[in-house]
Amino acid sequence: MKLAIAGKGGAGKTTIAGTLARQLARDGYEVLALDNDLNPNLSLTVGIPAASLDDVSTLSPDVVHIVDGRYELTQTLDEIREAHAMTAPDGVTLLVAAEPKTANTGCLGHMHMAMRNVVAAAPDGPDYICILDTEASTEHLKVGTAQHVDALFAVVEPYFKSLESGRRILALARDLGIDRTALLANKVRDGEIEKVQRFAEQHGLELAGAVPYDECFFHAERAAAAPIDFAPDSEAVVAIGDLARSLLRG
Ligand SMILES: Nc1ncnc2c1ncn2[C@@H]1O[C@H](COP(=O)(O)OP(=O)(O)OP(=O)(O)O)[C@@H](O)[C@H]1O
Ligand SMILES: [Mg+2]
């Protein structure tokens with residue numbers, strides 16, 4: 001299964017994408033985690049130690065070229081993995097699209113196309129999971145980076161702007177032709193899930209699950225550690241584990 005995690009800035013996309021990746025790898029899946037945020041930070045969340053972050057490579061621009069007006073990969077996925085992937089704990093394979101190091105040097109649209117093609121090339125079988133972590137802007141939907149995923153989840157916090165942002169994201173994802181599109185509630189405190197449920201019903205959207213507000217993420221970040229390593233038994237990490245299994249059941 002191939003899935004994308006989208007949502008408003010700071011909603012918890014990377015926290016959920018990275019923790020899902022680790023949990024699914026523990027459950028026995030071969031997991032490819034893709035960081036398509038051009039200010040990337042999925043690496044730490046999947047458990048690459050802070051001291052090794054400088055060793056995380058990014059895709060090189062020549063992994064894609066244009067053939068007959070369409071972007072295609074210049075290498076096989078195995079070659080891309082060999083050259084650019086980092087292996088995170090539990091065997092998660094991590095690929096990071098880009099991290100600009102120079103200012104005023106042009107756009108990175110071709111790296112969106114590289115990731116789109118990497119998702120397309122990722123294995124499809126029942127033992128494989130591909131998780132695409134996206135950036136807050138909806139540009140990735142405009143250019144179709146997540147076109148080849150089976151499902152896109154919009155992470156929303158239980159307040160109006162975040163919910164509205166999720167609604168707009170899911171409309172674009174449906175327009176892209178993605179089969180399953182759903183909200184994922186995050187940072188949910190007592191009594192707040194009803195608000196998200198009402199919003200989902202009102203707009204005819206699926207609500208695929210909910211993760212509670214949990215201080216463990218704050219403490220994990222202060223310790224520069226992956227939540228699943230820092231607080232494996234915390235309520236929210238356990239909830240993301242449950243979510244991992246329920247998302248795959250559909
Ligand atoms: N369930 C939660 N409870 C409490 N804090 C959370 C929860 N989920 C995420 N956070 C915190 O919210 C902040 C933003 O999380 P994260 O970086 O995952 O969001 P994001 O959507 O990926 O952000 P960006 O738009 O910058 O990519 C982090 O400090 C994270 O620790
Ligand atoms: Mg993020």
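Begin by selecting Thr134: beyond its neighbours within four places in sequence, Thr134 contacts Ala4, Ile5, Ala6, Lys13, Asn36, Asp37, His140 and Ala146. The model in the viewer is a predicted one. Thr134 sits in the loop that joins strand S7 (128-133) to helix H5 (139-143). Because 28 other C-beta atoms lie within 10 Å, Thr134 is buried. Add Ile5 to the selection and draw the C-alpha to C-alpha distance: Thr134 and Ile5 are 129 residues apart in sequence but 6.2 Å apart in space.

**Ligand 1**

Lys13, one of the contacts of Thr134, leads to the next stop. Select ligand 1 and display its shell, which holds 20 residues. Gly12, Lys13, Thr14, Thr15 and Phe217 are the closest of them. Colour the shell by element: helix H1 (13-26), strand S9 (180-188) and helix H8 (216-222) are the elements that each give two or more residues to it. Then colour the shell by class, which shows seven nonpolar, seven polar and six charged residues.

**Helix H1 against helix H10**

Keep H1 selected and add helix H10, residues 235-249. The two axes come within 9 Å of each other and cross at roughly 65 degrees. H1 is therefore roughly perpendicular to H10. The crossing of H1 past H10 is right-handed. To see the contact itself, show the side chains of Ile16, Thr19, Leu20, Gln23 and Leu24 on H1, and of Val237, Ile240, Gly241, Leu243 and Ala244 on H10. Which classes of residue make up this contact of H1 with H10? Seven are nonpolar and three are polar, with no charged residue.

**Tyr29, after H1**

Move along the chain to Tyr29, in the loop between H1 and strand S2 (30-35). Is Tyr29 buried or exposed? Tyr29 is buried, since 21 other C-beta atoms lie within 10 Å. Apart from neighbours within four places in sequence, its contacts are Leu24, Asp127, Tyr128 and Ile129. Leu24 also belongs to the H1 side of the contact with H10. For a view across the model, select Glu215 as well: Tyr29 and Glu215 are 186 residues apart in sequence and 28 Å apart in space, C-alpha to C-alpha.

**Strand S9**

Return to S9, one of the elements in the shell of ligand 1, and select Leu183, which lies in this strand. Leu183 is buried, as 27 other C-beta atoms lie within 10 Å. Leaving out neighbours within four places in sequence, display its contacts: Ala154, Val156, Gly166, Val196, Ala200, Leu205, Glu206, Leu207 and Ala208. Leu152 may be added for a distance: Leu183 and Leu152 are 31 residues apart in sequence and 8.6 Å apart in space, C-alpha to C-alpha.

**Two positive phi angles**

Most residues other than glycine have a negative phi. Still in strand S9, select Lys187. Lys187 is not a glycine, yet its phi is positive, at about 55 degrees. Lys187 is buried, because 22 other C-beta atoms lie within 10 Å.

For the last stop, select Asn104, in the loop between strand S6 (93-96) and helix H4 (109-121). Asn104 is likewise not a glycine and has a positive phi of about 60 degrees. Where Lys187 is buried, Asn104 counts as exposed because it has 5 C-beta neighbours inside 10 Å.

Note on methods:
Residues are numbered from 1 along each chain as its sequence is written. Chains are lettered from A and ligands numbered from 1 in the order in which they are written. This is a predicted model: local features need pLDDT of at least 70, side-chain atom pairs count only at pLDDT 80 or more; totals for chains, interfaces and linings use all residues. A residue is near a molecule or strand if its C-beta atom, placed from the backbone, lies within 6 Å of it. Helices (H or I, at least four residues) and strands (E, at least two) are DSSP runs, numbered from the N terminus. Ala, Val, Leu, Ile, Met, Phe, Trp, Tyr, Cys and Pro count as nonpolar, Asp, Glu, Lys and Arg as charged, and the others, Gly among them, as polar. Axes are lines fitted to C-alpha atoms, for helices over the stretch in contact, and angles run from 0 to 180 degrees between N-to-C directions. Angles under 35 degrees count as roughly parallel, over 145 as roughly antiparallel, 65 to 115 as roughly perpendicular and the rest as oblique. A crossing is left-handed if the near helix is turned anticlockwise from the far one by less than a right angle, and right-handed if clockwise. Two residues are in contact if their C-beta atoms, placed from the backbone, lie within 7 Å. A residue is buried if 20 or more other C-beta atoms lie within 10 Å of its own, exposed if 12 or fewer, and partly exposed in between; C-beta atoms are placed from the backbone.
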